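Work through the exercises below with the structure open beside you. Try each task before you read its solution.

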Protein chains: 2
Amino acid sequence: MTSRGVAILGSTGSIGTTALRVLDRHRERFHVTALTAFTNATLLAEQERIFSPSFVGLVSETEHSEWRCGEACLVEAATKPDVDIVLNAVVGAAGLKATLAALEAGKRVALANKESLVMGGHLVADAARSGHGELIPVDSEHSAILQCIAGRPRSEIRRLVLTASGGPFRSWTREQLGTATLADALRHPTWQMGRKITVDSATLANKALEVIEAHFLFDVPYDRIDVVVHPQSVVHSFVEFVDGSVLAQLGVPSMELPILYALTYPDRIADSGVPQFDPVALSPLEFEPVRRADFPMLDLGVAAGRAGGAAPAVFNAANEQAVALFLGGSIRFRDIARLVESALSAQSAAPGGSLDAILAADANARRHIQELSGC
Amino acid sequence: MTSRGVAILGSTGSIGTTALRVLDRHRERFHVTALTAFTNATLLAEQERIFSPSFVGLVSETEHSEWRCGEACLVEAATKPDVDIVLNAVVGAAGLKATLAALEAGKRVALANKESLVMGGHLVADAARSGHGELIPVDSEHSAILQCIAGRPRSEIRRLVLTASGGPFRSWTREQLGTATLADALRHPTWQMGRKITVDSATLANKALEVIEAHFLFDVPYDRIDVVVHPQSVVHSFVEFVDGSVLAQLGVPSMELPILYALTYPDRIADSGVPQFDPVALSPLEFEPVRRADFPMLDLGVAAGRAGGAAPAVFNAANEQAVALFLGGSIRFRDIARLVESALSAQSAAPGGSLDAILAADANARRHIQELSGC
């Protein structure tokens, strides 16, 4: 068995540290060849000591005696010859260039950076085609869909149904939502994740990003991608086929499986990372409609996806900026949607044909939010 | 596209009539080449008029001007040169010979006659191997498992979890079960089926037969096949893989999909037979442990499966005979398990190496039940 080299972009974050735990259990199949982090030099140094990668990069610093520094280290790590698989777990728009470079270099990209597809879906598809790269999702919903599709052709898929936990505010009234605090938003009922994605789960912006991601990953039109609230987060998504059959992938919420599956796809290897499935303990599994009017970020994001061009990038950038303001205590929960809606209106027809156009739209959206919020 | 010839053994029963409804929607892909029925000559004649098969057989009669008669018509229909797929929907032990003959003739057998595998699992496997025949399950649980496995190798499967509706007596106390009538037993909560299988669902004998069937179909040892009660009958079964991931197949209870899938496997074709999947309308999905002590037929059957040899055939034959007595009003609900247990004790080590040995064990078991019940 050949051991495959893995680069982890974002190795000190939630996905990165989970991935290293998974890789540590499978050292005969995979070896860590590159690690990059944004700011956490202490943890990065410890990871370097344990996994002995041939490349270490730190984005936030400009100089370091042994590591590569600055944002360029991401692309460098993603394209090294001894790297077979790039786990892109960078948070936000910064991950796009590394995804494109890795695909153009013919790597498998295990994609936890959904912004790559949201911002540059067509560019990513082009890069995968021209470079013979391979894009495998790490999001639990998209991993579930990939597992359900299991190699069947696109023509057999009728509909995708993404599940959403509903976040901490699932059962809050509209009035209560007006008083939601940061602490409330960070109290996710089923998933332990980073702060930005946890807020996105509370607004349902995360589900909008996932719908756009699913559209590009599986080439399914938006009117065949539905979302259903599933408070237990045990069913990770459904695929409906043309004969009416529905497959679902299930399990206790854990990112270990989607990460492992992205590494081993289409094969599966024995692993102990996921607790034994016990349907009785997990019963009941409930499903509710999304309260779209009370959580406007879902429809805003999907509408941006349908609009195409740079609109999804505008949605994503405006959301990133607004969430940063919310995390910093500068705006209230409801302001996130208000600000994003304004940014989308201001740039409703931004072109998205090139990486430069997308990055320009991204920058404009961020500026718009800054100005509007007065921060 | 080549149209494939389909023989339906048991065309006037519940599965048979459903299959003809499915085939009627897909006349460009399939044509009915043979129909056989047990006794219902009127419906068989009507089916002949609509589908114009080249062969019609009636098991219960000895003579008919245009049709083949007697039990031999099953094997004849199953091996005709213009037959590509044999849907074996014969009820009970009578289906085994036709399954073996069809597989030896290199046909695809869409198997609704689970007794074929329960009685002669090894013989069926041998016949498929030597004749290059193909065995595709039609039971909803096994179809679900096949759909979840989707071509992945056996080595990636850790466990099968079959779902059971629990039948009409799921929430009856042990005391209430002592008073259960035939009318109670025939009141199945989620599935419309024939009378024999409906009683088997009430005793859970059906689930024991399905465990044995799954053992032979998917080559999974008995200690890796579990059963969970799922009152809604929406999840048709689960497959747990070695990496801990679980896939499930779901849908409103309907045999149209498993029948269609057995015809088109591994492909899927667009079909309207299954209502659109709506997880909100189907919520909640509940799972409960099986009350094994109160429904002893499950453990009796699985123990017979583990014992091997002709024990599963004894279990099946004793159950068929006991259920016939129950349907005829001669014994009470609880007597079914008592009689079957006695038959298994009397023939605990019956050999099962050959078809003759199995048929002898089958006949002995039936005789044992007759004598014991005094009927």
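**Exercise 1: a helix and its cover**

Task: list the buried residues of helix α13 (residues 297–307) of chain A, then find what covers them.

Solution. Step 1: the buried residues of α13(A) are A:M297, A:L298, A:L300, A:G301, A:V302, A:A304 and A:G305. Buried means under 20% relative accessible area, exposed means over 50%, and partly exposed lies in between (1.4 Å probe, protein chains only). Helices (H or I, at least four residues) and strands (E, at least two) are DSSP runs, numbered from the N terminus.

Step 2: the cover of these buried residues includes α9 (195–203), α10 (205–218), β9 (225–229), α14 (311–327) and α15 (333–346) of chain A. Contact means heavy atoms within 4.5 Å.

Step 3: look just past the helix. A:G308 follows α13(A), and its phi is positive, near 75°.

**Before you go on: the model**

This is a predicted model, in which local features need pLDDT of at least 70, side-chain atom pairs count only at pLDDT 80 or more, and totals for chains, interfaces and linings use all residues; side-chain values use heavy atoms, with hydrogens and water left out. Residues are numbered from 1 along each chain as its sequence is written, while chains are lettered from A and ligands numbered from 1 in the order in which they are written.

Chain A averages a pLDDT of 95, and 99% of its residues score at least 70. pLDDT is the predictor's confidence in each residue, from 0 to 100. For the complex, the predictor gives an ipTM of 0.96 and a pTM of 0.96.

**Exercise 2: follow the chain through three strands**

Task: trace chain B from strand β1 (residues 4–9) to β2(B), and on from β2(B) to β3(B).

Solution. Step 1: β1(B) and β2(B) run parallel, joined by six bridges. Two strands pair if DSSP finds at least two bridges between them. In this pair, B:A7 stands opposite B:A34.

Step 2: the chain goes from β1(B) through helix α1 (residues 14–25) to β2(B), in a right-handed β-α-β crossover. Right-handed means that, with the strands pointing away from the viewer, the path from the first strand over the helix to the second runs clockwise.

Step 3: β2(B) also runs parallel to strand β3 (residues 55–58) of chain B, with four bridges. Here B:A37 stands opposite B:L58. The chain passes through helix α2 (residues 41–51) on the way from β2(B) to β3(B), and this β-α-β crossover is right-handed.

Step 4: why is strand β2 (residues 30–37) of chain B largely enclosed by the rest of the structure? Because seven of its eight residues are buried.

**Exercise 3: a sheet across two chains**

Task: give the strand order of the open sheet of eight strands, then find its edges.

Solution. Step 1: the order is β9(A)-β8(A)-β10(A)-β11(A)-β11(B)-β10(B)-β8(B)-β9(B), with mixed pairing.

Step 2: the edge strands are β9 of chain A and β9 of chain B, since each pairs on one side only. From one strand to the next, the twist averages 20°.

Step 3: go to the place where the chains join. Strand β11 (residues 246–250) of chain A pairs with strand β11 (residues 246–250) of chain B in the antiparallel sense, over five bridges. A:L250 stands opposite B:V246 there.

Step 4: add a helix. α10(A) packs on the sheet and touches β8 (157–164) and β9 of chain A. Its direction makes about 155° with that of β8(A). Axes are lines fitted to C-alpha atoms, for helices over the stretch in contact, and angles run from 0 to 180 degrees between N-to-C directions.

**Exercise 4: backbone exceptions**

Task: check the phi of B:S52 and of B:S233, then the peptide bond from B:Y265 to B:P266.

Solution. Step 1: recall the rule. Most residues other than glycine have a negative phi, and most peptide bonds are trans.

Step 2: B:S52 has a positive phi, near 45°. It lies in the loop between α2 and β3 of chain B. At a relative accessible area of 54%, B:S52 is exposed.

Step 3: B:S233 has a positive phi of about 50°. Its loop runs between β9 (225–229) and β10 (235–241) of chain B. At 5% relative accessibility, B:S233 is buried.

Step 4: the bond from B:Y265 to B:P266 is cis, with omega near 0°. B:P266 sits in the loop between α11 (256–264) and α12 (279–282) of chain B.
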